[in-house]
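Take the sequence and the coordinates side by side before reading on. The text below goes from the whole chain to single residues.

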Amino acid sequence: MEMGMQNNRLSAEEDLELERKLAQKLKVKAGKLRGVEDGMNVLFEGLPSIVDSPGEDKLPFSKEFAVGRSKKNKEKKRKMLEQSPESEIEKASVGDGEVEETSKKSKKRKKKKMSGQHQVTADDGVESPCAARIEVQKLPVTPQKYIAPNLRLHKGIEPEDHTQLRRRVRGLLNRLSESNVESVTGEMSTVYHSISRSIASQIISEEVLASCSRGPRGNEQYAAVFAAFVAGMGCLVGSDFSARLMSSLANTFEDEYLKEDNLSLRNLTLLLSYLCVFEVCASDLIYDFLIILSKRLTEIDVSTILTVLQCCGMKIRGDDPCAMKNFIVSVQSKVNEVKAASGDGQQNINGKRMEFMLETICDIKNNKKKPKDDPANHTRIKKWLHKLGVEDIIIRGIKWKKLLDPDKKGQWWLTGDVTTTSENITEFASTIDTEVLEAQKMLQLAAAQRMNTDARKAIFCIIMSGEDYVDAFEKLLRLDLSGKQDREIMRVLVDCCLQEKVFNKYYTILASKLCEHEKNHKFTLQYCLWDHFKELETMQLVRSMNLAKFTAEMIALFTLSLAVLKSVDLSDIMLLTPKRIMHFRMLFDSIFERPDKLIWNAFTRVAINPELEPLRSGMLFFIKEYMIKGNKVNVEKFKVVKKALNNVEGILM
């Protein structure tokens, strides 16, 4: 019994000691917890307080010591929390109620790292929660100024997702080449649709211009590939992409112009020129750009004009010959001004680059400069763009000033740069009136020439109103002729040639161009000439002479061969009437005016085929009987003809 009483007394003393420690930690006074009321005091109602008991003076820790110690701990932990960066962020980002809760959590994390002197555990090892409340001062939040999304890139503030997108775009552009332009464009269109259109257009445009202007491979071939990429993207995602890129290109060009960076300017000019070649923009933008350069005509302007003319000069001439004429007039007037200002010193005018530019312009004006033949890769790219429908996204009516306008709004690339001033309205109306009068006159002339169908009338008007053979050729190709109506082109062309009072080579060059484009035109031309050979007896002298020169010219151009004469029997004296003799004499005289090399090659073309033996013997008979008598020049030409007709091996000179 006594031992049991002692054990109970010891356990009671241990319980009292534990209660005193908990009371000190929890700051229980008068059976209540101090601090903010949180509902815990209900648990202590009716329980006596050890602190308030008569045995208070026997406690190992006095009340004053416990309070002083709690104040020191409070000051120490407040300093620790104020020095912690995590607590500062939490205090700045939460409200008043959340600051207390956050401070308690951070306090618990700190206490876990500290020694166990601040932890109180029960007999079962479970931690007792600390009720010490720490007053935390809320840090002031500094307000930040709002920056619009379109200005963040200029300030170097770019979101992480935009940075990752830029890296992906740059990687695709680095892989871009002539062989994979289709696949890269397809991948880029997928990237374009993954974010907003404006951000995608801005990022892709910046990377394209950076690669073209500052790239190590900034040459004509490289610019052509990037222009094809822009055209393909315009077909896949919309014309707004190509319009925004051209606007960025114009602004970049002006910035580089102020820096006088010739290499960058040349690369940007090549990109703009090939955008016109691949029909992203119309030729009117290129002409407006050239006229702006011609008004300044500095050394950089001359180099830029040369780059444009060498790249797409013949194309824009074919698109709009009148605009080319206006550009030439602008250049000539500026050159005259510089000459007048410089006096006798011609250093500003007679520079090699300036002279070369003027020669290039003169060649394009006189149609002496041949258009560049498209390489095989450009032909493949054009076919690909044609399948995508690049003709539907071409941007027309845009001026260079419009691209530089910072206040353009909405779909500005669709409205163009149309002004509604009274002067423009009057000029436009007068132009319409003039065109209507010319069209009426042309239709009356077509009716007089027995052009009795709509197809023949349309062909006649195009041939007779063409600025040159290039203009007429392109317009004839755009004619929507169905079935066998395309045969009328050669028939109308030959009729127009025969109606001229003086022979004009314009018709032969146009006919040769058409035959090169499509072989069916060559067969139609042969049948047409055979029909006219049958009418020689009743044909007027002027028409007969034009027909002879037309045939000789087509043979000299190697569009036709002398086999076109196989329908005529030149060895039958009964059929060789005076009109026929005169006609074929004019034909062979026109051929003999050419160099011996051309004569050799022309007659060699009919020397190989054994089926043309009647033609060969007939030509030898006719030339010997009706052309070499009393003409020493024709005697020498006849010797060349005989050797060429005996050239069975077909060796050309």
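What follows is a walk through a predicted model, from overall composition to cores, helix packing and a few individual positions.

The chain contains 29 helices and 2 strands. Of its 653 residues, 40% are buried. Among contacts with a separation of 6 or more, 71% are between residues 24 or more positions apart. The exposed surface of the chain comes to about 38,100 Å², and carbon and sulfur atoms supply 53% of that area.

The interior can be read through its nonpolar cores. The largest of them has 86 residues, and Phe229 and Phe327 have the most contacts inside it. Helix H9, residues 220–237, gives the most to this core, with 12 residues. Apart from this core lies another one of 70 residues, which includes Met451, Phe584, Leu612 and Leu645.

Phe327 can be followed outward from the first core. Once neighbours within four places in sequence are left aside, Phe327 is in contact with Tyr287, Leu290, Ile291, Ser294, Ile305, Leu309 and Ile361. Several of these residues recur in the packing of two helices.

Two packed helices are described by the angle between their axes and the distance between the axes. For helix H12 (residues 283–296) and helix H13 (residues 299–319), the axes come within 10 Å and cross at roughly 145°. The crossing of H12 past H13 is left-handed. On the H12 side, the contact is made by Ser283, Ile286, Tyr287, Phe289, Leu290, Leu293, Ser294 and Arg296. H13 contributes Asp301, Thr304, Ile305, Val308, Leu309, Cys312, Ile316, Arg317 and Asp319.

The loops on either side of H12 each hold a residue with an unusual sign of phi to inspect. Leu297 is placed in the loop between H12 and H13, and its phi is near 55°, a positive value in a residue other than glycine. Glu279 is found in the loop between helix H11 (262–277) and H12; its phi, near 65°, is also positive, and Glu279 is not glycine either. Are these two loop residues buried or partly exposed? Leu297 counts as buried because its relative accessible area is 9%, under the 20% limit. Glu279 is partly exposed, because its relative accessibility is 29%, between the limits of 20% and 50%.

The second core leads to helix H26, since Phe584 belongs to that core and is one of the buried residues of H26. H26 covers residues 578–592, 15 in number, and spans 21 Å from its first C-alpha to its last, close to the 21 Å expected at 1.5 Å a residue. Its buried residues are Arg580, Ile581, His583, Phe584, Leu587, Phe588, Ser590, Ile591 and Phe592. An α-helix has 3.6 residues a turn, so residues three or four places apart point the same way. The cover over the buried residues of H26 includes helices H24 (519–533), H25 (541–556), H27 (596–604), H28 (613–626) and H29 (632–645).

Thr524 sits in H24. It is buried because its relative accessible area is 10%. Beyond residues up to four places away in sequence, Thr524 touches Arg487 and Met490.

Finally, Gln449 lies in the loop between helix H19 (422–448) and helix H20 (454–465). Gln449 counts as partly exposed because its relative accessibility is 25%. Not counting residues up to four places away in sequence, Gln449 touches Phe460 and Gln499. The C-alpha atoms of Gln449 and Cys496 are 8.6 Å apart, although 47 residues separate them along the chain.

Methods:
Residues are numbered from 1 along each chain as its sequence is written. This is a predicted model: local features need pLDDT of at least 70, side-chain atom pairs count only at pLDDT 80 or more; totals for chains, interfaces and linings use all residues. Side-chain values use heavy atoms; hydrogens and water are left out. Helices (H or I, at least four residues) and strands (E, at least two) are DSSP runs, numbered from the N terminus. The expected span of a helix is 1.5 Å times one less than its number of residues. Buried means under 20% relative accessible area, exposed over 50%, partly exposed in between (1.4 Å probe, protein chains only). Contact means heavy atoms within 4.5 Å. Accessible areas come from the Shrake-Rupley method with a 1.4 Å probe; for residues, only the protein chains shown count as cover. A nonpolar core is a set of buried Ala, Val, Leu, Ile, Met, Phe, Trp, Tyr and Cys residues joined through side-chain atoms within 4.5 Å. Axes are lines fitted to C-alpha atoms, for helices over the stretch in contact, and angles run from 0 to 180 degrees between N-to-C directions. A crossing is left-handed if the near helix is turned anticlockwise from the far one by less than a right angle, and right-handed if clockwise.
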